[in-house]
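Student: I am new to this structure and would like a close look at a single part of it. Please take one strand, explain how it sits, and then work outward to what lies around it.

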Amino acid sequence: MADVDQGSVAPTETSPALDSLNATDTNGTDAVNATVAKFVATPEGTALAYGSLVFMALLPIFFGALRSVTCSKSKNSSDMPETITSRDAARFPIIASCTLFGLYLFFKIFSQEYINMLLSMYFFVLGILALSHTMSPFMNRVVPASVPNKLYQLLFTQGTGESKEEIVNYEFDTRDLFCLVISAVVGVWYILKKHWVANNLFGLAFALNGVELLHLNNVSTGCILLGGLFVYDVFWVFGTNVMVTVAKSFEAPIKLVFPQDLLERGLNASNFAMLGLGDIVIPGIFIALLLRFDVSLKKNTRTYFYTSFLAYIFGLGLTIFVMHTFKAAQPALLYLVPACIGFPVVVALLKGELTELFRYEETPPETEETSPEETTETEKKDQ
């Protein structure tokens with residue numbers, strides 16, 4: 001009976017490590033050895049749980065990567081991606097470590113109950129927004145065009161006249177409102193019941209939005225980020241008990257869970273295997289970058305995307321195998337990072353495209369192209 005413990009590395013992301021012989025109840029609290037003694041997972045239940053976790057992890061990476069291609073070309077300010085530079089990537093493990101240790105101190109000093117209450121409300125709001133954004137493209141395809149669809153704009157500005165500055169400019173329609181209502185229902189369900197299905201809906205939405213909206217500007221930045229978090233994950237799992245402590249205390253949809261006793265207890269199952277969102281989002285944004293690189297080559301192939309996607313499956317499978325073999329906690333990024341970086345680099349070497357791969361640089365949409373009229377206007381202003 002193994003689960004994946006996770007420590008917080010950002011407000012909505014985690015960098016988890018695999019941990020063995022821990023069980024959790026439906027509220028995410030540690031069930032300790034008493035629960036383990038009462039229930040022993042069957043091989044079928046364990047296989048179903050981990051197979052389901054791997055499958056769920058692949059969904060946000062695959063669809064998030066596809067949506068990141070569209071997102072990178074978007075002109076809508078509300079859909080603009082957040083670009084991670086090499087400086088951001090180098091700082092990220094340090095910020096993640098401070099966040100993780102800060103949470104550890106909070107749980108040691110203050111009441112766990114009140115902290116988790118605040119965290120639940122925080123992720124309740126974020127979860128509704130993330131799930132609504134995830135559902136929106138699907139709703140546009142499902143709802144017939146004959147159904148009336150009104151457009152709305154939420155605009156907040158500061159100042160007047162020429163000094164007026166936009167603070168928030170968000171455009172949405174009737175279908176977006178419908179998605180928001182459905183997401184709110186899921187949010188209330190999660191707050192009241194903390195059911196694992198509601199947790200997974202929010203977790204998948206967070207992961208997909210992370211892969212879609214967090215963009216690395218080049219492969220070198222991706223290597224810096226993954227390399228730094230590789231060291232971060234190994235240190236906090238093997239070097240201290242901080243990550244495991246925070247993971248057991250933290251009640252929020254920052255992980256995907258699947259019960260190992262589903263076959264025996266159905267939806268009321270309570271013995272979970274878990275996978276933190278960091279093991280999905282961090283490799284996922286690198287895989288999405290490789291898909292956009294494939295698109296930039298204009299060869300109608302997705303070689304690097306599929307290579308890194310298969311590498312992720314291999315790395316996650318290897319993590320689970322090592323965990324069960326040695327019956328000890330394993331930092332998942334220890335296996336995912338070398339696989340996700342190494343496989344595409346080997347393919348690039350074989351194809352003679354290594355230089356081209358590392359020279360690829362993403363340009364923000366607003367600076368990619370300018371029309372002749374815009375160019376003429378700019379030249380006139382310069383003159």
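Tutor: Take strand 8, residues 272–276: 5 of its 5 residues are buried, so the strand is largely enclosed by the rest of the structure. Bear in mind throughout that this is a predicted model.

The burial can be followed face by face. In a regular strand the side chains alternate between the two faces of the sheet. In strand 8, Phe272, Met274 and Gly276 belong to one side, while Ala273 and Leu275 belong to the other, and the residues of both sides are buried. Both faces of strand 8 are therefore covered, and 5 of its 5 residues count as buried.

The strand has a partner. Strand 7, residues 255–259, is joined to strand 8 by 5 bridges, and the two run antiparallel. To find your place in this pairing, look for Lys255, which stands opposite Gly276 of strand 8.

Lys255 also leads to the next part of the picture. Lys255 is one of the residues in contact with Phe250, once neighbours within four places in sequence are set aside. The other contacts of Phe250 on that count are Leu103, Phe107, Asn116, Leu119 and Phe123. Phe250 belongs to the largest nonpolar core, a set of 89 residues, and is among the five that touch the most other members. The other four are Leu53, Val246, Ile280 and Tyr312. Helix 10, residues 278–297, supplies the largest share of this core, with 12 residues.

Between strand 7 and strand 8 in the numbering there is a charged pair to look at. Asp261 and Arg265 meet through their side chains in a salt bridge, with N and O 3.0 Å apart. The two ends of this pair differ in their surroundings: Asp261 has a relative accessible area of 0% and is buried, whereas Arg265, at 39%, counts as partly exposed because its value falls between the limits of 20% and 50%. This is one of 6 salt bridges in the structure.

Two more salt bridges involve helix 10 or the loop after it. Arg292 pairs with Glu362, and their closest N and O atoms are 2.2 Å apart. Arg292 is in helix 10 and Glu362 is in the loop between helix 13 (354–359) and helix 14 (365–368), so this pair ties together parts 70 residues apart in sequence. Glu362 and Arg292 are both buried.

The other pair is Lys299 with Glu353, whose closest N and O atoms are 2.7 Å apart. Lys299 lies in the loop between helix 10 and helix 11 (303–326), and Glu353 in the loop between helix 12 (333–351) and helix 13, so here the parts tied together are 54 residues apart in sequence. Glu353 is buried at 6% relative accessibility, while Lys299 is partly exposed at 44%. Lys351 joins Lys299 and Glu353 in a network of salt bridges.

Lys351 also takes part in the packing of helix 11 against helix 12, on the helix 12 side. The two helices pack at an angle of about 145°, their axes 8 Å apart, and their crossing is right-handed. Among the helix 11 residues that make the contact are Thr303, Tyr304, Ala311, Tyr312 and Phe314. On helix 12 the contact includes Tyr335, Leu336, Phe343 and Val347. Tyr312 has already come up as one of the core residues that touch the most other members.

One further residue can be placed beside the loop that holds Glu362. Glu361 is found in the loop between helix 13 and helix 14, and at 45% relative accessibility Glu361 is partly exposed. Leaving out residues up to four places away in sequence, Glu361 touches Asn217 and Asn218. The C-alpha atoms of Glu361 and Asn218 are 5.0 Å apart, although 143 residues separate the two along the chain.

To set the strand in its wider frame, the protein chain has 15 helices and 9 strands. Of its 383 residues, 49% are buried. Among contacts between residues at least 6 apart in sequence, 75% join residues at least 24 apart.

Conventions. Residues are numbered from 1 along each chain as its sequence is written. This is a predicted model: local features need pLDDT of at least 70, side-chain atom pairs count only at pLDDT 80 or more; totals for chains, interfaces and linings use all residues. Side-chain values use heavy atoms; hydrogens and water are left out. A nonpolar core is a set of buried Ala, Val, Leu, Ile, Met, Phe, Trp, Tyr and Cys residues joined through side-chain atoms within 4.5 Å. Buried means under 20% relative accessible area, exposed over 50%, partly exposed in between (1.4 Å probe, protein chains only). Helices (H or I, at least four residues) and strands (E, at least two) are DSSP runs, numbered from the N terminus. Contact means heavy atoms within 4.5 Å. A salt bridge is a side-chain nitrogen of Lys or Arg within 4 Å of a carboxyl oxygen of Asp or Glu. Axes are lines fitted to C-alpha atoms, for helices over the stretch in contact, and angles run from 0 to 180 degrees between N-to-C directions. A crossing is left-handed if the near helix is turned anticlockwise from the far one by less than a right angle, and right-handed if clockwise. Two strands pair if DSSP finds at least two bridges between them.
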